[in-house]
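Here is a short briefing on one protein model. Keep the 3D view open and find each part as you read.

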Amino acid sequence: MTRAVELHDVLVAAIALASGLLLAAVLRAVTGWVGRHADRTRNDTDDVLVRGLRTLLPWLAVVAGVWFAVASLPLGRGVDAVVNRGLIAALVLIATITGAQVLADLVRALSLVRSGVAGSATIFVNIVRISVLAIGVLVLLQTVGVSVAPLLTAMGVGGLAVALALQDTLANLFAGVQILASKKVQPGDYIELSSGEQGYVIDINWRNTSIRQLPDNLVIVPNSQLAGSILTNYHQPAKPMSVLIQVGVAYDSDLALVERVTSEVGKEIMTEVDGGVPEHDPFIRFHTFGESSIDFSVILRAREFTNQYLVKHEFIKRLHARYQQDGYTGPAGSSERMSRSPSVIFDIDKKSRVVIDAVSIRYR
């Protein structure tokens, strides 16, 4: 027979509860101190684990304090059973939420380390989080006495109907998983679609892929469309890429001197311009007798796709200045001249050219 609750029972219960709260505060402070030290490391894994412990340990201390407080009271068996089941359910819920958050953060951290950008493949993060939460809910229901077998059967039958109703959504989901699993496109890559859109992949979630264009606009592409599209990945198999520049010189130019001067300018660009590849030797290949010029290609190298713009800019500017200099006076200490009236033609695009001669710039 259960005796009546006395004053000392209440005092013991209060002390147990206060001890649990005090321990929770101490654990919170200690894990916070450890977290500040973990922030100084380059690895994000320890930060994730410390954040998980900072959430889990104080709650465990609170639950332990409540359990000891309840155990010190003269309650009946029925009440004890209900309280214990409730505390176990609370532990399962705390562990589930903390585990889901920790595993999701670990997946996100690994994604950031792999891609090297401030983006993430949230499709894997969401799959991990939902999977852990689903398992935790099933364990929680089993803990409180709810049979999960009929529930799983009903979910299986209902899942079939849901799958038929959400064909497009599931197609995008599995397409996103396939894109990431194939490792052909990853967050941080610079891609160009066959439809013309191009930019950095910043995120691949369960439904679509976000692409940030150079003007800082976002292009949202459904995963199924991206998986079925012809695309160019400028970061695969490596980020460095060739930069092709078309140049033309007048017919009376000294081609050997043109080649030497252009090569010297190209080497300067590779070593002095940010984004160039210093170990690359520029290629120069004459290829066409044009209507008013002898055309040739200059092949430089950029560290990644966006670096090519500065490389081209500096190369055209410096080559123009060098051609002007050598066209009038020749190299210092030399009587060589490229031509009496030098001109150089740079292709701006397929529809227009800019012709730069010693005294003027005119468009054709």
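Strand β1 (residues 190–193) pairs with strand β5 (residues 231–233) in the antiparallel sense, over 3 bridges. Look for L193: the bridge partner of L193 in β5 is L231. Bear in mind that this is a predicted model.

**From β1 to β2**
- β1 also pairs with strand β2 (residues 198–204). The two run antiparallel, and 3 bridges join them.
- E192 is one residue to find here, as E192 stands opposite Q198 in β2.
- β1 and β2 form a hairpin, with 4 residues between the strands. In the turn, G196 has a positive phi of about 110°.

**From β2 to β3**
- Next comes strand β3 (residues 208–212). It is joined to β2 by 4 bridges, and the two strands run antiparallel.
- V201 has its bridge partner in β3, namely I211.
- These two strands form a hairpin as well, with 3 residues between them.
- How many residues of β3 are buried? The count is 4 of 5, and the strand is mostly covered.

**From β3 to β4**
- On to strand β4 (residues 218–222). β3 and β4 run antiparallel, with 5 bridges between them.
- R212 stands opposite L218 in β4.
- The hairpin of β3 and β4 has 5 residues between the strands. There, D216 takes a positive phi near 70°.
- A general point helps when you view strands: in a regular strand, side chains alternate between the two faces of the sheet.

**A residue to zoom in on: N205**
- N205 sits in the loop between β2 and β3.
- Is N205 buried or exposed? N205 counts as buried because its relative accessibility is 16%, and buried means under 20%.
- The side chain of N205 reaches two backbone nitrogens. That of R207 is at 2.9 Å. That of N208 lies 2.7 Å from a polar atom of the N205 side chain.
- N205 also has contacts further off in sequence. Leaving aside neighbours within four places, N205 is in contact with T122, I123 and N223.

**A nonpolar patch on the surface**
- Now turn to L22, L23, V26, V30, W33 and V34. They form a nonpolar patch on the surface. Together they have about 550 Å² of accessible area.
- Where does V26 lie? V26 is in helix α1 (residues 7–38).
- V26 has a relative accessible area of 43%, so V26 is partly exposed. The range for that term runs between 20% and 50%.

Key
Residues are numbered from 1 along each chain as its sequence is written. This is a predicted model: local features need pLDDT of at least 70, side-chain atom pairs count only at pLDDT 80 or more; totals for chains, interfaces and linings use all residues. Side-chain values use heavy atoms; hydrogens and water are left out. Buried means under 20% relative accessible area, exposed over 50%, partly exposed in between (1.4 Å probe, protein chains only). Two strands pair if DSSP finds at least two bridges between them. A polar contact is a pair of N or O atoms within 3.5 Å; within protein, one must be able to donate a hydrogen and the other to accept it, and residues adjacent in sequence count only if both atoms are side-chain atoms. Contact means heavy atoms within 4.5 Å. Patches are made of residues with over 30% relative accessible area and no salt bridge: like charges are joined within 9 Å, nonpolar side chains (Val, Leu, Ile, Met, Phe, Trp, Tyr) within 5 Å. Accessible areas come from the Shrake-Rupley method with a 1.4 Å probe; for residues, only the protein chains shown count as cover. A salt bridge is a side-chain nitrogen of Lys or Arg within 4 Å of a carboxyl oxygen of Asp or Glu.
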